[in-house]
2 protein chains.
Amino acid sequence: MSDHVFERITVPEPLLDTLRQLLGDRLSTNTAILTQHGTDEGWHQASPPDAVAFARSTEEVATIVKHCAEHQVPIIPFGCGSSLEGHIAAIHGGICIDLSQMDQILEVNAEDLDCRVQAGVTREQLNQDLRATGLFFPIDPGANASIGGMAATRASGTNAVRYGTMRDNVLNLTVVTAQGDIIRTGNRARKSSAGYDLTRLFVGSEGTLGIITEVSLRLYGIPEAMSAATCAFPSVDAAVDTVIQTIQMGIPVARIELLDELQMKAINRYANMQHPEAPMLFFEFHGTPASTQEQAEQVEAIAQDFGAQAFQWASRQEDRNALWAARHKAYYAAMNFQPGKSGMPTDVCVPISRLAEAIRETREDCDASPLTCPIVGHVGDGNFHTLILLDPNNPDEVTEANRLHDRMVERALRLGGTCTGEHGIGYGKLNFMQTEHGDAYLAMMRSIKQALDPHNLMNPGKLVPAESSH
Amino acid sequence: MSDHVFERITVPEPLLDTLRQLLGDRLSTNTAILTQHGTDEGWHQASPPDAVAFARSTEEVATIVKHCAEHQVPIIPFGCGSSLEGHIAAIHGGICIDLSQMDQILEVNAEDLDCRVQAGVTREQLNQDLRATGLFFPIDPGANASIGGMAATRASGTNAVRYGTMRDNVLNLTVVTAQGDIIRTGNRARKSSAGYDLTRLFVGSEGTLGIITEVSLRLYGIPEAMSAATCAFPSVDAAVDTVIQTIQMGIPVARIELLDELQMKAINRYANMQHPEAPMLFFEFHGTPASTQEQAEQVEAIAQDFGAQAFQWASRQEDRNALWAARHKAYYAAMNFQPGKSGMPTDVCVPISRLAEAIRETREDCDASPLTCPIVGHVGDGNFHTLILLDPNNPDEVTEANRLHDRMVERALRLGGTCTGEHGIGYGKLNFMQTEHGDAYLAMMRSIKQALDPHNLMNPGKLVPAESSH
């Protein structure tokens, strides 16, 4: 529960009138709508905008931005509201541009393995639409997020170890700039050396440089075969050593997830399962029938070298689903482990050689705390999350949760990592930016922000720390 | 042979004195050295700098930049001089900073599959050094380029289809800014959502925003097995259809190279070989012995559906080398096809579904021209090159070569592609930027350039078209 106090601007009535004229009842100042648009799935205080504009086209977004710019009113883009670090909070007030009605899949180029969608398309909608083509879009951050939001936060998830993150899978973007101009950041060529990589500049920019309205994505053929495996380890170190060797041998695993002992206990209790209450790895393999079997055999051999027990392997869909059921229940199991408590999610990422150390020290820290914190990791990338369970109305628990979180981030930075592998900064992690990046990096971020958004109207107060903040 | 005329500044003597004091005989104004540093491997007129500063550390680069900035003198970074579009030409005069003495491999983190090198390390040096670790760095642009130069031009090459380009394989950079500050653009975490992607902003920025002095790279395990295959096709279309289906099936080929009929004729003549004089594909497969064999079998089946003949497959190293020998001789064979002529390289990249069309029309254009133009393509990415053979002292041939090149680029852009897949813009392709990207994109590039290099001292005249150029 953040205790920041921000100055809010007052949105002038003439701007609201203009927008109402443009959008009719697609401009809303209804309290419930405002509250919904100021509330994400994270931990931070809700900050409703002054109005929500439901846009239906890139041109409409451009027009709204121009009107807001004329009145110097902040603009906050909104996809699904599934972000976690206050990204969509209107902390300085202003107009929220809701892109959820921009939900058209504009092109699917099956031969080129790419597609073009409006920013409000969700990843589940996209994959449902793609099914008939034999293609899929692999990035899976858990939530059924919008593609625009996923691009804006540089999202990833469980299968980034094979398919990369949004950084790797966005081909190009259509963006409305702070001036209300429309830019296409690239074309459909798979690679190009023609100009600054504006695509990558906007991926992860969290709405602070402009508004992403359309996204071209790489797609992949649905694998001919998929198989899954699970196994339990005597220690987190043994599990992580298995991961390191798997990656180093170049075995192209699609997913490697670690669930720690406490997380397994939470799942057994929540879902009445009988898994070993020990660190477990969950694998998924994509390829031909022969290659997925070979991958599983190679991984089993490695895992056994590190003392794995109860190695189970499945290739039929229903058996795979049964094996992975525990992983899919991890979040709700953790949230329900202590009834009545909320969860503060964390998201550090370290070089894989330091992962065992990072998780072990985190585990010790949490075990020494009165709070309970199950751990889940996308370990192929060195990324892991604790869910710190706490009563948000108990100030001592809030302080303790923040202390644990701060120490996790300090530890990750000391080990050569980052404060966020995939959730982003929003305003929730703004105070880690100085330590992670240092003065010269932040000065360059501020120069770019100032050059592209000189009046600081695009999602102000997010991602780019103010100069006075250190 | 470009007929641009540029205004050159005069480098003030006091700056040269200061740099001489700093660097001793590592500041050179020797004519041969100047000429060498103004000459790349491409087609454009040489433009020697006024002096060459051989730097040995990031701090030294920062000091040189500060002195140059104080005197408002342009700064041109130089790695190996293997670029092709005038990237290193000192068209406005100034100081060339040669990074070739920054050739230390600073770290190899085998467990994390990454390393950190100074910018002057060449890719062959790196791979030689890595051999004992069982790891390798896959990006191979042909030339034994410096890693810093490869990052600055967003280079790729034959195996980008599997391993990506420099965009995908640079983890982070150390950069000296136009102000002489030193920035580290990221850390060793495999993924992060913390801040603007300054790494990707500098990859491909061609020295126009700052000077890359150190590079962290992703590495890969040397595959347990490699195999190679070649086959001939009745038409370019049939070859390209084979490529499309291979990619779409997700077969993880490491290399797919196309050589057209004329290129094969050049090779047979140059190397006294007896290959079919027909469009040929050259494949390389990386994986386990079983998976490379499976990949080859899958590709053979696809190729035969499209009428391939003479499919040959080899897994032993000497047999693989024999199969690929023709591909390795392609460049020199083309250069020697018409004795006494030079070659103008081209570099378009299109969506793979338009590749057959792009190559066919290019072939027809070239066949109707008095000039001879063999074609080689990194077809898995949709990227291909013609080498336009011409006498550089014959103005008619120069005009005709430029006409063919312009038409290739227009065609690529019409088909949704780019004027350069991997060579970059330098000043040689500057006049294509407007057509490829449009006003809003170029305005944003200029804003960023202006914000980070307000006095336009960093490799001026490259990559970012001046506002008056359209």
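Trainee: Is Glu357(B) buried, partly exposed or exposed?

Mentor: In this predicted model, Glu357(B) counts as partly exposed, at 22% relative accessibility.

Trainee: Which residue forms a salt bridge with Glu357(B)?

Mentor: The partner is Arg354(B), and the closest N and O atoms of the pair are 3.0 Å apart. Arg354(B) is partly exposed as well, with a relative accessible area of 28%.

Trainee: Which residues are joined into one network by salt bridges that share partners?

Mentor: That network lies in chain A and consists of Arg123(A), Glu124(A), Asp140(A), Arg255(A) and Glu284(A).

Trainee: How many salt bridges does the structure hold over all chains?

Mentor: The total over all chains is 58. One of them is formed by the side chains of Asp365(A) and Arg411(A), with an N to O distance of 3.1 Å.

Trainee: Which parts of chain A does the pair Asp365(A) and Arg411(A) tie together?

Mentor: Asp365(A) belongs to helix H14 (residues 355–367) and Arg411(A) to helix H15 (residues 395–414), so the salt bridge links parts of chain A that are 46 residues apart in sequence.

Trainee: Is Asp365(A) buried or exposed? And what about Arg411(A), buried or exposed?

Mentor: Asp365(A) is buried, with a relative accessible area of 11%. Arg411(A) is also buried, and its relative accessible area is 5%.

Trainee: Which residue forms a salt bridge with Glu400(A)?

Mentor: Glu400(A) pairs with Arg403(A), and their closest N and O atoms are 3.0 Å apart. Both residues lie in helix H15 of chain A; because they are three residues apart there, about one helical turn separates them. Glu400(A) counts as buried at 12% relative accessibility, whereas Arg403(A) counts as partly exposed at 38%.

Trainee: Turning to nonpolar residues, which ones form a patch on the surface?

Mentor: Tyr270(A), Tyr331(A) and Tyr332(A) form such a patch, and together they have about 350 Å² of accessible area. Within this group, Tyr331(A) is placed in helix H13 (residues 330–335) of chain A. Tyr331(A) is partly exposed, with a relative accessible area of 43%.

Trainee: Now to chain B: which residues of helix H10 are buried?

Mentor: Helix H10 of chain B covers residues 261–271, and its buried residues are Leu262(B), Gln263(B), Met264(B), Ala266(B), Ile267(B) and Asn268(B).

Trainee: What do the buried residues of H10(B) pack against?

Mentor: They pack against three helices and three strands of chain B: helices H12 (317–328), H13 (330–335) and H14 (355–367), together with strands E13 (255–259), E14 (280–287) and E18 (375–378). Just after H10(B) comes Asn272(B), with a positive phi of about 55°.

Trainee: What does UniProt list for residues 45–222 of chain A?

Mentor: The unreviewed UniProt entry lists that span as "domain: FAD-binding PCMH-type". In the model, residues 45–222 of chain A are 22% helix and 26% strand, and the end C-alpha atoms of the span lie 40 Å apart.

Trainee: Lastly, by what turn and shift can chain A be laid on chain B?

Mentor: A turn of 180° with a shift of 0.0 Å along the axis lays chain A on chain B, with an RMSD of 0.0 Å. That is the relation of a two-fold axis. The same surface serves both copies, as 100% of the contact residues of chain A recur in chain B.

Note on methods
Residues numbered from 1 in each chain as written. Chains lettered and ligands numbered in written order. Predicted model: local features only at pLDDT ≥ 70, side-chain atom pairs only at ≥ 80, totals over all residues. Heavy atoms only, no water. Least-squares fit on C-alpha atoms with pLDDT ≥ 70 in both. Contact = heavy atoms within 4.5 Å. Salt bridge = Lys/Arg side-chain N within 4 Å of Asp/Glu carboxyl O. Helix = DSSP H or I, 4+ residues; strand = E, 2+ residues; numbered from the N terminus. Buried < 20%, exposed > 50% of the residue type's maximum accessible area, 1.4 Å probe, protein only. UniProt positions renumbered as here; feature names shortened; annotations may be inferred. Patch = residues over 30% accessible without salt bridge, like charges linked within 9 Å, V, L, I, M, F, W, Y side chains within 5 Å. Areas by Shrake-Rupley, 256 points an atom, 1.4 Å probe, with all protein chains shown as cover.
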